[in-house]
Protein chains: 2
Amino acid sequence: MTQIVAPTHPFDAAVELASEGGSPDAFRGHTSAAYANMVGPFGGITAATLLSAVQQHPDCLGDPLSLTVNYAGPIADGEFEIAAHPTRTNRSTQHWNIELIQDGVVITTATAVFGNRRDTWSSTEIAAPSAPAFDDVAAQAFPDFIAWARNYELRFVEGAVPNPEDDAAGSDLAQPSSTSTLWIRDNPPRPLDFPGLTALCDVFYPRAFLRLGRYLPAGTVSLTVYFHADAAMLAAQADDAVLGTARAQRFGNGYFDQSGEIWGRDGVLLATTHQLVYFKD
Amino acid sequence: MTQIVAPTHPFDAAVELASEGGSPDAFRGHTSAAYANMVGPFGGITAATLLSAVQQHPDCLGDPLSLTVNYAGPIADGEFEIAAHPTRTNRSTQHWNIELIQDGVVITTATAVFGNRRDTWSSTEIAAPSAPAFDDVAAQAFPDFIAWARNYELRFVEGAVPNPEDDAAGSDLAQPSSTSTLWIRDNPPRPLDFPGLTALCDVFYPRAFLRLGRYLPAGTVSLTVYFHADAAMLAAQADDAVLGTARAQRFGNGYFDQSGEIWGRDGVLLATTHQLVYFKD
């Protein structure tokens, strides 16, 4: 009898953590070449890994409500430690402090709020962006030096990433709007879970690239995710593509902010997300 | 000769902190009756106080870029301690962990990123909401039981707070949009600074009140502020009114998210802000 073992999805390998002996707060992980960015890992995989640490903590209560990750310095290739500590547990919510550490130095900090949800009045006040169906939009490859993007099928409806070859040819690719709207699916497909949704929130490349029509040094300083999906909504999503949209509000003095939305099957809003991004022009 | 001493503004009294001996990270403050909310203090004054602690820290680098405050439990009237610790200092940015503690229990946690700004390409991509001039909009009093609102002159252009007397009369005050746009000025006027701007970001009452047309239990779980203003922009603002606007994206399962903007003189975007809010319907 041949036993068929499904290979581990690269995403699951990237966010995998081992518990450290001694404290329930301590975990050990390692960076994944598959999710490398230009400098260090893709910020979304780091955020997903920090969230996973909380989910694996023996005292974890409920599901994620919000997450804020502050990228304090570049993560070096290799091993890292995560310390995830519940600072306060209430009846239905729990607050977390999380740190990613390499060689004793804090590289990334985060806070998260988890909780149990209750059934209440609901209303989605914003509308999903209009977009042709997933199958009717062509996939776009990111430049080869952005490794993490190969783990996603990215089908841009508007605001595709500038093509560096066009840039080199001297064309002016600057755009008046920083909005990108795109279908996104893990490649290979993967059922959506909270770490997967977290990573999707950082899939929008820096808005300054789009406005200025060229690549420039840029990196997320602080990322916030508000989770609107509960576990049942994630299960209903299965491994379908999601529709993401993001835009900037203000660029200036070396920083800009960017807000995004992740929409699921049947027009369900799964998450809203915001970030402050450093850039050098 | 009579010496005239300007009285301390209630805002400055509310955010006042004393350094504790022993550690540069330790501060002591106290709640202010003038900024009380229905349960505990106005979340904006707490956020402003946490930011002030960082600004008063001897190692503080530059000006605030982002702040995230997680409200883990109600702050009791009286004294509190603040611990503000620089987790990482880079060449131009600095990351902070901040906690507010009462009787040894963590009540509020926060992270902040501070930094030195550089001159770069700038663009404000969003537009300020259209509104009549400050002098052409009537001031609206908040219900008496919301003490903190007496420290602000609030002139609603749209989305004013429901009047509980109308609510008691059985009128249906529910609204299809959660947008509020209003002029806001400290009362008495006060020159804008970073703590003042932080507090303004929480001046929008819970959007669920507006949609459902009634008061209900609600409280901010997590608040994020992205500072677009630098010190020169704040100085130019002086004590003018600012124009604020906020709306919700999604209500459901006991929580909603709310995004806002604070606009200053000459249409300058001073801050963008987001929060996740608990509600019970």
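In this predicted model, the two copies meet through the same surface, because 100% of the interface residues of chain A are also interface residues in chain B. The contact draws 52 residues from chain A and 52 residues from chain B. On the side of chain A that touches chain B, the element that gives the most is strand β11 (residues 242–252) of chain A, with 6 residues. By residue class, that side of chain A comprises 15 nonpolar, 26 polar and 11 charged residues.

The arrangement of the copies was examined by superposition. Chain A is superposed on chain B by a rotation of 180° with 0.0 Å of shift along its axis, at an RMSD of 0.0 Å. The two copies are thus related as by a two-fold rotation axis. Strand pairing also takes place between the chains: strand β7 (residues 123–124) of chain A and strand β11 (residues 242–252) of chain B run antiparallel and are joined by 2 bridges. Within β11(B), the residue opposite A:S123 is B:F251.

Within chain A, strand β2 (residues 26–30) pairs with strand β1 and is also bridged to strand β4. In a regular strand the side chains alternate between the two faces of the sheet. Such alternation is found along β2(A), where A:F27 and A:G29 point to one face and are buried, while A:A26, A:R28 and A:H30 point to the other face and are not buried. Strand β1 (residues 18–19) of chain A pairs with β2(A) in the antiparallel sense over 2 bridges, and A:S19 stands opposite A:F27. The hairpin formed by β1(A) and β2(A) has 6 residues between the strands, and A:G22 in this hairpin adopts a positive phi near 100°. Strand β4 (residues 79–89) of chain A likewise runs antiparallel to β2(A), to which 5 bridges join it. The bridge partner of A:F27 in β4(A) is A:I82. The buried residue A:F27 therefore stands opposite A:S19 in one pairing and has A:I82 as its partner in the other.

Helix α2 (residues 43–56) of chain A was considered in terms of length and burial. At 1.5 Å a residue, its 14 residues should span 20 Å, and the end C-alpha atoms are 20 Å apart, which agrees. Of the 14 residues of α2(A), 12 are buried, so the helix is largely enclosed by the rest of the structure. The buried residues of α2(A) include A:G43, A:G44, A:I45, A:L50, A:L51 and A:V54. Also among them are A:T46, A:T49 and A:S52, together with the alanines A:A47, A:A48 and A:A53.

Methods: Residues numbered from 1 in each chain as written. Chains lettered and ligands numbered in written order. Predicted model: local features only at pLDDT ≥ 70, side-chain atom pairs only at ≥ 80, totals over all residues. Buried ≥ 20, exposed ≤ 12 C-beta atoms within 10 Å, placed from the backbone. Helix = DSSP H or I, 4+ residues; strand = E, 2+ residues; numbered from the N terminus. Pairing = 2+ DSSP bridges. Contact = placed C-beta atoms within 7 Å. Nonpolar A, V, L, I, M, F, W, Y, C, P; charged D, E, K, R; others polar. Least-squares fit on C-alpha atoms with pLDDT ≥ 70 in both. Expected span 1.5 Å × (residues − 1).
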